[in-house]
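Grab a pencil and work through a few short exercises on the model shown here. Each one comes with a worked solution.

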Amino acid sequence: MKVLESTKGFKSFYQDKGVVLEYDKKRLKTARQRILRELERTLPLKFIKQGSNILEIGCGTGFVTNYLLKKGTVTAVDSSEEMLKKCKATIKAASVNAPIKFVKSSLFEFYSTKKFQYVVSIRVMLHLKKSDLTKASATISESMKKEGLFMFDVESKSFFKKFFMAVRWTYTKKEVINPQYSKNDLKTAISKKFEIIKIIPYDHAVLILPFYLIAEVSHSEKLENIISKMEKTLSWLPILNTRWFVVCKKLQ
Ligand SMILES: C[S@@+](CC[C@H](N)C(=O)[O-])C[C@H]1O[C@@H](n2cnc3c(N)ncnc32)[C@H](O)[C@@H]1O
């Protein structure tokens, strides 16, 4: 089974108009996806003070950006022109009245003289192998204030997911697996610039998969709300989850 390690491939994939057009639709199809997406855009808000300047790396279609704007001004960075266009349209359609700046740049090259207290990057670091995560964290830290918070998600080491992907690989030859991180991998990847202050495990698919499936078949919004609460409650339980929401503090 192949671990996708091409950061270049990841970047170029999102230049495609078709991919951008279908992005949100494809990620909001099932009850499970909708709940995970909701967590992805609400978790960062818990850590951001009202009225802040926020940097978002890899803003994509603006799904998370829209929520960040509830907390202050946002500088939204993405390497894809098409994604930035879509992000602008999302913000316009939502009639959000907060200041936002769009920057087309690679995360490995972005630099701002204005220093940010908060950096949020959802479903971006997740795709990077360890050496690239180290590079990314070093670059991002240059645009941050001392003790600023950098929030991102990665895939945790999950036997279940590896097994599932191996079965899928056998039958479909679809080579999709993101790098999986142990706590030590994560710590050593970013330790020169950041100290981890919190890891919130989520996506407890194995434990609550039957409920997800029932919600899917029954189209029950009530059940989706219950599952969403279960996900949040289980977030302290570091077993059988496949994702981590990581909050780390920039070192002095
Ligand atoms: C999986 S999408 C996530 C988008 C958004 N954060 C979300 O959660 O919906 C990844 C985004 O990262 C952007 N991206 C990929 N490589 C990048 C790079 N090297 N620099 C900046 N953005 C990059 C892509 O263009 C895409 O918009």
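## Exercise 1: Glu 147

Glu 147 counts as exposed, because 11 C-beta neighbours lie inside 10 Å. (The cut-offs: 20 or more other C-beta atoms within 10 Å make a residue buried, 12 or fewer exposed, anything in between partly exposed, with C-beta atoms placed from the backbone.)

A quick word on the ground rules: this is a predicted model, where local features need pLDDT of at least 70 and side-chain atom pairs count only at pLDDT 80 or more, while totals for chains, interfaces and linings use all residues. Residues are numbered from 1 along each chain as its sequence is written.

Now place Glu 147 and check its phi.

Step 1: look in strand E5, residues 144–156. (Strands are DSSP runs of E, at least two residues; helices are runs of H or I, at least four; both are numbered from the N terminus.)

Step 2: read off phi, which is positive at about 65°, although Glu 147 is not a glycine.

## Exercise 2: Asp 203

Is Asp 203 buried or exposed? Find its place and its phi too.

Step 1: go to the loop between strand E7 (194–202) and helix H9 (205–218), where Asp 203 sits.

Step 2: count neighbours; Asp 203 is buried because 25 other C-beta atoms lie within 10 Å.

Step 3: check phi, which for Asp 203 is near 60°, again positive in a residue other than glycine.

## Exercise 3: the whole chain

How many helices and strands does the protein chain have, and what percentage of its residues count as buried?

Step 1: tally 10 helices and eight strands.

Step 2: of the 252 residues, 35% count as buried.
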